[in-house]
Amino acid sequence: MSVTSQLEVVKSTLPEGVTLVAVSKMHPAELITEAYEAGQRVFGESRPQELKAKYEILPKDIRWHMIGHLQTNKVKYIVPFVSLIESVDSAHLLEAIDKEAAKCGRTVDCLFEIHVAAEETKTGWNYDELREYVAGGALASLQHVRMRGVMGIATNTDDESVIRRDFERLAQYRAELAAFFGEEFDTLSMGMSDDYPIAIECGSTMVRVGSMIFGQRDYGAR
């Protein structure tokens, strides 16, 4: 099936109010263009240099999301244009984003990435540490970032009860943290190709779907 037809299949499964992030990492610009021409405007990338290269050659009304682990020395590549950094996993990274955004005269929307999966290899804040950080008021000094919600990845398992538990925890964490931020802290980014229907049942407002739209990734692509 074509990217256009696959995109329509995915969109047909999403209720109103759920944003689709088409995960285009490691896929060529031609496939992104096909999805764009079919009406998709939000795309997710995980490598800063690849994201910057695609930004430079693709339509400027695309809303690019950074969804992969972001090193502080790579922040400068994407801050001038990125729409949302979903993968903020440390105070150090937030400070780097704020510093680079100040240079550009921008305020960059971000999500806290929270670790809920059983795999230790996955990145993200420990929730207790994050809550302590937020409650301590450290964000008050960061004038060029705006926290919009949380992101997370469920355990890689076929056990739907485990996946659901992870998503329910993320939803609970977002609700608890919203008390510190107010109405603008409204984004709950969770759910990928294999598990996004469960995520939506648990309150997801943003799903990150790649292989269902673009097929398997071309790991040789840049």
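**Entry 1: surface and charge.** I looked up the exposed surface first. The chain exposes about 10400 Å², and carbon and sulfur atoms supply 47% of that area. I kept in mind that this is a predicted model. Next I checked the charges. The chain carries 24 positive and 34 negative charges, and their mean positions lie 6 Å apart.

**Entry 2: overall fold.** I went through the secondary structure and found 9 helices and 8 strands. I then took the extent of the C-alpha trace, which spans about 50 × 45 × 30 Å along its principal axes. Is the radius of gyration in agreement or at odds with a compact globule? It agrees, because a compact globule of 222 residues would have a value near 17 Å, and the chain has 17 Å. I looked up burial too: 50% of the 222 residues are buried. For contacts between residues at least 6 apart in sequence, I noted that 59% join residues at least 24 apart.

**Entry 3: helix 7.** I turned to helix 7, residues 160–181. It has 22 residues and reaches 31 Å from first C-alpha to last, close to the expected 32 Å. Which of its residues are buried? I listed Val162, Ile163, Asp166, Phe167, Leu170, Ala171, Tyr173, Leu177 and Ala178. Asp166 is one of these buried residues, so I marked it in my list.

**Entry 4: around helix 7.** I asked what covers the buried residues of helix 7. The cover includes strand 5 (108–113), strand 6 (145–151) and strand 7 (187–189). Helix 6 (127–135) and helix 8 (196–201) are also part of it. Last, I checked the residue just after helix 7: Gly182 takes a positive phi of about 90°.

Notes
Residues numbered from 1 in each chain as written. Predicted model: local features only at pLDDT ≥ 70, side-chain atom pairs only at ≥ 80, totals over all residues. Heavy atoms only, no water. Helix = DSSP H or I, 4+ residues; strand = E, 2+ residues; numbered from the N terminus. Expected span 1.5 Å × (residues − 1). Buried < 20%, exposed > 50% of the residue type's maximum accessible area, 1.4 Å probe, protein only. Contact = heavy atoms within 4.5 Å. Rg over C-alpha atoms; globule rule 2.2 N^0.38 Å. Areas by Shrake-Rupley, 256 points an atom, 1.4 Å probe, with all protein chains shown as cover. Lys, Arg positive; Asp, Glu negative; His and termini not counted. Charge placed at Lys NZ, Arg CZ, Asp CG, Glu CD.
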